Amino acid sequence: MKIEAVVFDLDGVLVDSEQVWDEIRETLARERGGRWHERAQVDMMGMSSGEWSRYMHDVIGLADAPEDINAEVVERILARYRQELPLVDGGVDAVERLAPDFHLAVASSSNRPVIDAVLDTAGLSELFEVTVSSDEVERGKPAPDVYVEAARRLGVAPERCAAVEDSANGIRSARAAGMRVIAIPNHRYPPADEALAAADVVLESLDGLSRQVIAGEDCAAGPPSSSPLRA
């Protein structure tokens, strides 16, 4: 099956931001008398803003309405990015390297204003034909909705897309959508082995993300359930 498009996750793949979200949500929780716990960030990875803001309300125990929690966190994220955008090393180069050969999209759990701010600041907006926030679909990751919608907007069948992901929920989401999955594990929040096993290829960094890896030209064929090729 020829791969025609590459769909990038944003947080943890192009921008080193998972710990920023973690820090800001934990700080807000402690300011507002919430019950923060060590699994909170992992639990919320991949959730849409509606899902994680309800989690902050229901599980962490913030009294604020979920929509107010969401707005406050996003405002703090954008303020941090205006000071410094923590781009992942090699991210801009990887996007520019693949743009001549593939249609490109972003499928992210971040809010629309955050996606737009990151891509604009990084100078990448014009290289992505499509960007989708989990807020724009029914369910966040690990459900496949955001990847299915990205493929639909691109006009490319999901099985002709490759997804680039760093988290367990993201890998599961892209796999459930029927895409070829390239995993670049998040070193701060590494996916479990069973999640990585759902990837077709596991890379150490974006430096290894080549046209050949995306297309599967240098990878042994195998079913999705087989052990992923580490490149």
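Reader: Which residues in α7 are buried?

Author: In α7, the buried residues are D145, V146, Y147, E149, A150, A151 and L154. Buried means under 20% relative accessible area, exposed means over 50%, and partly exposed lies in between, with a 1.4 Å probe and protein chains only. The model is predicted: local features need pLDDT of at least 70, side-chain atom pairs count only at pLDDT 80 or more, and totals for chains, interfaces and linings use all residues. Residues are numbered from 1 along each chain as its sequence is written, and side-chain values use heavy atoms, with hydrogens and water left out.

Reader: What makes α7 mostly covered?

Author: Of the 10 residues of α7, 7 are buried. The elements covering these buried residues include β1 (5-8), β2 (103-108), β3, β4 (161-165) and α8 (168-176). Helices (H or I, at least four residues) and strands (E, at least two) are DSSP runs numbered from the N terminus. Just after α7, G155 takes a positive phi of about 75°.

Reader: Why is D145 called buried?

Author: D145 has a relative accessible area of 13%, and therefore counts as buried. R139, at 42%, is partly exposed.

Reader: What makes D145 and R139 a salt bridge?

Author: A salt bridge is a side-chain nitrogen of Lys or Arg within 4 Å of a carboxyl oxygen of Asp or Glu. The side chains of D145 and R139 meet at 2.8 Å, N to O, so the pair meets the definition. Side chains of opposite charge can pair when their charged atoms come close. A search of the whole structure finds 19 salt bridges.

Reader: How do you know that R112 forms a salt bridge with E136?

Author: The closest N and O atoms of R112 and E136 are 3.0 Å apart, so the pair satisfies the limit for a salt bridge. This pair links distant parts of the chain, 24 residues apart: R112 lies in helix α6 (residues 112-122), and E136 in the loop between β3 (130-133) and α7 (145-154). R112, at 25% relative accessibility, is partly exposed, and E136, at 34%, is also partly exposed.

Reader: Where do R153 and E149 lie?

Author: R153 and E149 both lie in helix α7, 4 residues apart, about one turn of the helix. Their side chains meet in a salt bridge of 2.8 Å, N to O. R153 has a relative accessible area of 35% and is therefore partly exposed, whereas E149, at 15%, is buried. Salt bridges that share partners join R112, D116, E136, E149, R152 and R153 into one network.

Reader: Why is an empty space called a cavity rather than a pocket?

Author: On a 1 Å grid over the protein atoms alone, a cavity is a set of points where a 1.4 Å probe fits but cannot get out, whereas a pocket is an open set with protein on both sides within 12 Å along at least five of seven lines. The structure holds 1 cavity of 30 Å³ or more. The largest cavity has a volume of about 180 Å³. Of the 16 residues that line the largest cavity, the closest to its centre are D11, E18, M45, G46 and S109; lining residues have an atom within 4 Å of a point.

Reader: How many residues of the lining of the largest cavity come from helix α1?

Author: Helix α1 (residues 18-31) gives 3 residues, the largest share of that lining.

Technical notes
Points joined across faces, edges and corners; volume = space filled by probe spheres on them. Contact = heavy atoms within 4.5 Å.
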